[in-house]
Amino acid sequence: MGMRPQRVLLVGVVLLLALTGCRALFNRPPVALLRAGPTSGLAPLRVEFDGSESYDPDGRIVAFHWDFGDGVQTAGQKATHIYHLPGTYRASLTVRDDLGAEGRERVEITVLEPSGEYHLLTSWGSWGVGEGELGHPRGIALDGLGQVLVADTGNHRIALFTGEGEFLENWGQYGAVPGRFSSPEGLAISPPGEVYVLDPGNRRVQRLSSTGRPLGEWSIAGVNDPAGIAVGPDGSVYITDRGQHLIHKFTGAGQPLARWGGEGSRRGQLSKPSGVAVASDGSVYVADTGNHRVQRFDPSGIARDEWGGYGQGAGRFSRPTGLAIDRDGYLYVADSQNARIQKFSPDGKLVDLWAVDGGDHPVFPIALAVDGSGQVYVLDFANSRVLKFGR
């Protein structure tokens, strides 16, 4: 005789329970993998959390639980949280599988308080063609005497001021002969004190003495849209190329050495790079303007680090342009469309930020320079002026 239906059902239930019990007995817990960024910055700090790479080796994940370390919790594969108060927080992701096993990963979030140390000391310049006036300038540098050199782009000249803003003299005027310029865009000072001028209207770089006397020039015909220039500790010259999304490296005499980049958003690729600065160890920092980030390369062009991303939060950028490095290796970024300056440690940790206030006028900080005492000179393209900040 066949088994009664009730007995068949009972046997099936027993087998199911046995199988479930065996699976539970040998169940491997899920693995929590989280990504978070930025993990440090100034308050209020907006952090994006992502647990989508978590996995279960022998089942499936059914729950994601976030604890941000400040009393706030939420669920979901991804989450966004804003830390409003300074402090160090231990955020965690806990995942649970379909048998109740759990896995957990933690990350430390450091939220800093803006120091409020930097304040406006003085400012000078206005739009015009007269002495001490500027025409939408794009480049700034400091020489060994503490003089402020400004690439007065619209007036096709280099303007010199004292560190307090007193006008000294102009170098050059519109033209193509040595010592004259066509829309000069960038300035850099070499270790011996020579002045390199990015002269894109004439498709060249000019090298001048510390008094403005022409010493030489070389063609940059292979650079499609030059934007920034810097000189490394070994005398190598770096030029950003917005048109080809490249960095070009030359000797001090103009011989091509290397180039790198290419259009894209992956590490090492660039989008309309503008500012460039070189640290004492040869590290090359690039304002990757179109990608709203800063990238750090070694002298051979290998990408070593990146930080930023589009946004208004601390450590984020909106079309960063100018870069400068102080004698302690800290990097200053002209976060142009956010109208502020951000200061970072050499490894990309945010240290400070402050607004560039235009009063009733919009501002566009496009370039900057830092002197030996840490005072910061910011070039405001929109208002044709220089602003000097100190602590």
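Visitor: Where in this predicted model is Thr240 placed?

Guide: Thr240 sits in strand S19, residues 237-241.

Visitor: Is Thr240 buried or exposed, and why?

Guide: Thr240 counts as buried because its relative accessibility is 0%, and the cut-off for buried is under 20%.

Visitor: Which backbone atoms lie by the polar side-chain atoms of Thr240?

Guide: There are two to look at here. A polar atom of the Thr240 side chain lies 2.5 Å from the backbone oxygen of Ser274. The backbone nitrogen of Gly228 lies 2.7 Å from a polar atom of that side chain.

Visitor: Which residues does Thr240 touch, leaving out those up to four places away in sequence?

Guide: Among them are Val223, Asp225, Pro226, Ala227 and Gly228, then Leu246 and Ile247, and also Pro273, Ser274, Gly275 and Val276. Notice that Gly228 and Ser274, the partners in those backbone pairs, turn up in this contact list too.

Visitor: Let's move to another polar side chain. Where is His156, and which backbone nitrogen does its side chain reach?

Guide: His156 is in the loop between strand S11 (148-152) and strand S12 (157-161). Its side chain reaches the backbone nitrogen of Ser183 at 2.9 Å. Outside its sequence neighbours up to four places away, His156 touches Gly172, Gln173, Tyr174, Phe181, Ser182, Ser183 and Pro184.

Visitor: And Asp380: buried or exposed?

Guide: Asp380 is buried, because its relative accessible area is 0%. Asp380 lies in strand S31, residues 376-380, and its side chain reaches the backbone nitrogen of Ala382 at 3.2 Å.

Visitor: How do I compare separation in sequence with separation in space for Asp380 and Ile366?

Guide: Set the two numbers side by side: Asp380 and Ile366 are 14 residues apart in sequence, and their C-alpha atoms are 6.1 Å apart in space. As for contacts, leaving aside neighbours within four places, Asp380 meets Val363, Phe364, Pro365, Arg385 and Leu387.

Visitor: What does that comparison give for Glu117 and Pro200?

Guide: Those two are 83 residues apart along the chain, with 37 Å between their C-alpha atoms. Glu117 is found in the loop between S8 and strand S9 (119-124). Glu117 counts as partly exposed because its relative accessibility is 40%. Beyond residues up to four places away, Glu117 touches Gly390 and Arg391.

Visitor: On to the nonpolar core. What is the general idea?

Guide: In soluble globular proteins, nonpolar side chains tend to be buried together. In this model, the largest nonpolar core has 19 residues, and those with the most contacts inside it are Phe49, Trp66, Tyr83, Leu93, Ile109 and Val111.

Visitor: Which strands supply at least two residues of this core?

Guide: They are S3, S4 (61-67), S6 (78-83), S7 (87-97) and S8 (102-112). S7 gives the most, with 4 residues.

Visitor: Take Tyr83 from that core. Which residues is Tyr83 in contact with, leaving aside neighbours within four places?

Guide: Tyr83 is in contact with Ala43, Pro44, Leu45, Val47, Phe49, Phe68, Asp70, Tyr89, Ala91, Ile109 and Val111. Of these, Phe49, Ile109 and Val111 are also listed with the most contacts inside the core.

Visitor: How is empty space found in general?

Guide: Rolling a probe the size of a water molecule over the atoms shows where empty space is left. Here, the second largest pocket holds about 430 Å³ of space. It is lined by 20 residues, and nearest its centre lie Gly37, Pro38, Thr39, Trp307 and Gly308. Strands S1 (35-37), S3 (45-50) and S25 (303-308) each give two or more residues to the lining, and S25 gives the most, with 4.

Visitor: How many nonpolar, polar and charged residues are in that lining?

Guide: The lining of the second largest pocket has 6 nonpolar, 6 polar and 8 charged residues.

Visitor: What is the peptide bond from Gly37 to Pro38 like, cis or trans?

Guide: That bond is cis, with omega near -5 degrees. Pro38 lies in the loop between S1 and S2 (40-42).

Visitor: Last one: what is phi of Arg203, and of Ala339?

Guide: Phi of Arg203 is near 55 degrees, a positive value in a residue other than glycine, and phi of Ala339 is near 55 degrees too. Arg203 is in the loop between S15 (195-199) and S16 (204-208), while Ala339 lies in the loop between S27 (331-335) and S28 (340-344). Arg203 is partly exposed because its relative accessible area is 30%.

Definitions and conventions: Residues are numbered from 1 along each chain as its sequence is written. This is a predicted model: local features need pLDDT of at least 70, side-chain atom pairs count only at pLDDT 80 or more; totals for chains, interfaces and linings use all residues. Side-chain values use heavy atoms; hydrogens and water are left out. On a 1 Å grid over the protein atoms alone, a cavity is a set of points where a 1.4 Å probe fits but cannot get out, and a pocket is an open set with protein on both sides within 12 Å along at least five of seven lines; lining residues have an atom within 4 Å of a point. Grid points are joined across faces, edges and corners, and a volume is the space filled by probe spheres set on the points. Ala, Val, Leu, Ile, Met, Phe, Trp, Tyr, Cys and Pro count as nonpolar, Asp, Glu, Lys and Arg as charged, and the others, Gly among them, as polar. Buried means under 20% relative accessible area, exposed over 50%, partly exposed in between (1.4 Å probe, protein chains only). A polar contact is a pair of N or O atoms within 3.5 Å; within protein, one must be able to donate a hydrogen and the other to accept it, and residues adjacent in sequence count only if both atoms are side-chain atoms. Contact means heavy atoms within 4.5 Å. A nonpolar core is a set of buried Ala, Val, Leu, Ile, Met, Phe, Trp, Tyr and Cys residues joined through side-chain atoms within 4.5 Å.
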